[in-house]
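User: Please take a close look at one loop in this model and use it as the starting point for a wider description. I would like a single connected account, with the reasoning made explicit wherever a conclusion is drawn.

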Amino acid sequence: MTDLIARLGEAIGASHVLTDPHDLASYSVDWRGAYRGTPLAVVRPGSTAEVSEVVRLAHDSGVAIVPQGGNTGMCGGAVPSDDGSQLVLSLNRMRAIRSLDAGSATITAEAGVVLQELQSAAESVGMLFPVSLAAEGSCTVGGNISTNAGGTAVLRYGMMRAQVLGLEVVLPDGRVWDGLRSLRKDNTGLDLKQLFIGAEGTLGVVTAAVLALQPATPSRATAWVSLPSVSAAASLLSVLREHAGDWLSTWELVSRPALELVVAHGVPDPLTSEADWFGLVELAGPAGADVGSALEDALGAAVEADLVLDAAIAGSASQRTGLWSLRERVSEAQESLGPTIKHDVSVAISSLDDLVSRLAPALEAALPGVRPVIYGHVGDGNLHYNLSRPASLDPDEFLAHAAQLSTLVHDATVALGGSISAEHGLGSGKAATAASYKSDVEVDLMRAVKQALDPAGLMNPGKVLPLQ
Ligand code: FAD
Ligand code: MLT
Ligand code: ZN
């Protein structure tokens, strides 16, 4: 291995090949401290040619590679194994916006560009890059593509996959596939880029992408609402759509325990309502769009239909930021309770109420006092059904129940025709679970694709598909 490290240093500069345990620390563990590994080394190539050379050298030495972007993933996908055998390939030096074409509404960005930088680049030409999530200050374009990230505007713009027009990928043997096309229409055979979107680095390293931009939406109207039930939250979607049409960009749900956590972290609650469910609604339109009236009309109709109990509409930019914090800070606030057993499930919107009502008694029976902290992208039928420990249990005692509790959540979701990972992917944490719910045919197809692109099994092994 000393040989490989030396050759990597010659290829990309010794200062970009990290081997000192102190330098490896932040690349070896995910942001929650839930997944830990020990890399052989961390390599930080600065160009596609350098990524290609690193991957070729590792391939020729039979060494596995774990691509890493902002390391904000939820399922351990960017964390190496703990046996010191895998290289972490960080994309954090590849941060160029290669081109921005406002006329064609496209932007070409390297994989290490941070999502917020991409959004700012779009804004600088009066346009919008619509994928938005609470980790946008750290997560990267390459990570967003590789996890097919969702976020808070999916109901209007779709997931990351919907924004990708073209990709540049370094294949597992080091060859470069230049698929950086900015076409809206291209039916020349298989749409290969789709293979790499959501593949979590198991089929190659994404080095750059052409992404579609949208017209800017400077007119915003934002409200925080309290609701009588989850079924009201589901029905509210139709009312919002009726009044706001395509202006509806965000419909997010927050349960009372989730809200209480955020409030305990210093975010003021404008409603101080006794309700069990809350939500964030945002309408966004072009300059001059009367989104405020549309929101008031929609909420008025919802109150009359008993779908909304109370509402606070942001009257200023800072109030809007405050309302967004009530939703976006839940994830971070829940970490203060100790380890979280995370679930990222989706069902048809009409089945959300059923899911929540089935799970509450089943979880309480399995572990009395367990604390569900439910929130998520209700407009997409996607709930983060996260669990915190009962006050009576220490973290290890709680985690000993993880498999049993997760099986209850996943079984109930799948029984309703849902998915056990709506937007976070599988990483190492959920690979085996997902395979256990898929048919043999589906798992075989996934393995066939992996075998075709990565016959040596060196690209992020054990992620997405469990090792055989
Ligand atoms: P990483 O964590 O570094 O990597 C994720 C996976 O992609 C790994 O398997 C890694 O190997 C692979 N990968 C990374 N870069 C590349 C590349 N260039 N080529 C090939 N493979 C690569 N996610 C959502 O979908 N919706 C949300 O609303 C959301 N909210 C979040 C809120 C918070 C507070 C946090 C911390 C995370 C949230 N996430 C959410 C999860 C996370 O931010 C996303 O999964 C994000 O897309 C990961 O990007 P990253 O650059 O951090 O990727
Ligand atoms: C979010 O939407 O806030 C994240 O995807 C959820 C999480 O932290 O579980
Ligand atoms: Zn989410």
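**From one loop outwards**

Analyst: Glu200 is placed in the loop that runs between α7 (193-196) and β10 (205-212), and everything said about this residue, as about the rest of the chain, refers to a predicted model. The backbone of Glu200 has a positive phi, near 55°, in a residue that is not glycine. Glu200 has 26 C-beta neighbours inside 10 Å, and therefore counts as buried. A second residue of this kind is Asn71, which is not a glycine but has a positive phi of about 55°. Asn71 belongs to the loop between β3 and β4, and because its C-beta neighbours inside 10 Å number 22, it also counts as buried.

Elements that border these two loops come up again around ligand 1. Of the 38 residues around this ligand, those that come nearest are Gly69, Gly77, Gly142, Gly143 and Gly201. Two or more residues of the shell are given by each of β3, α5 (141-147), β10 and α12 (330-335), with α5 supplying the largest share, five residues. Sorted by class, the shell holds 20 polar, 14 nonpolar and four charged residues. Since domain 1 (2-90) and domain 2 (97-215) both contribute residues to the shell, ligand 1 lies between these two domains.

The strand β3 also has a place in an open sheet of four strands, ordered β1-β2-β4-β3, in which the pairing is mixed. In that sheet β1 (17-18) and β3 (65-68) are the edge strands, and each has a single partner, so one side of each is left without a neighbour in the sheet. Further inside the order, β2 (residues 41-43) pairs with β4 (residues 87-90) in the parallel sense over three bridges, and Ala41 stands opposite Leu87 of β4.

The helix α12 leads on to ligand 2, whose surroundings consist of Ala134, Val330, Ser331, Lys342, Gly376, His384 and Asn386. The elements that give two or more residues to this second shell are α12 and β18 (382-388). By class, the shell around ligand 2 is made up of four polar, two nonpolar and one charged residues.

To place these sites in the whole chain, it helps to turn to the domain assignment, which gives domain 1 (2-90), domain 2 (97-215), domain 3 (219-331) and domain 4 (340-422). The centres of domain 3 and domain 4, taken over C-alpha atoms, are separated by 23 Å, and the contact between these domains involves 16 residues of domain 3 and 14 residues of domain 4. On the side of domain 3 that touches domain 4, at least two residues each come from α8 (230-244), β13 (248-255) and α9 (256-264). The residues of that side divide into eleven nonpolar, four polar and one charged.

Of the elements on that side, α8 allows a simple check of its geometry: at 1.5 Å a residue its 15 residues should span 21 Å, and because its end C-alpha atoms are 21 Å apart, the expected and computed spans agree. The buried residues of α8 are Val230, Ala232, Ala233, Ala234, Leu236, Val239, Leu240, His243 and Ala244, and they pack against β12 (219-227), β13, β14 (277-285), α10 (291-304) and α13 (352-366). After α8 comes Gly245, with a positive phi near 50°.

The strand β13, which appears both at the side facing domain 4 and among the packing partners of α8, is mostly covered, with eight of its eight residues buried. β13 runs antiparallel to β14, to which seven bridges join it, and it pairs with β17 (residues 371-377), again in the antiparallel sense, over two bridges. Val254 takes part in both pairings, with Phe278 as its bridge partner in β14 and Tyr375 as its bridge partner in β17.

How values were computed:
Residues numbered from 1 in each chain as written. Chains lettered and ligands numbered in written order. Predicted model: local features only at pLDDT ≥ 70, side-chain atom pairs only at ≥ 80, totals over all residues. Pairing = 2+ DSSP bridges. Near = placed C-beta within 6 Å. Nonpolar A, V, L, I, M, F, W, Y, C, P; charged D, E, K, R; others polar. Domains from an automatic or database assignment. Contact = placed C-beta atoms within 7 Å. Expected span 1.5 Å × (residues − 1). Buried ≥ 20, exposed ≤ 12 C-beta atoms within 10 Å, placed from the backbone.
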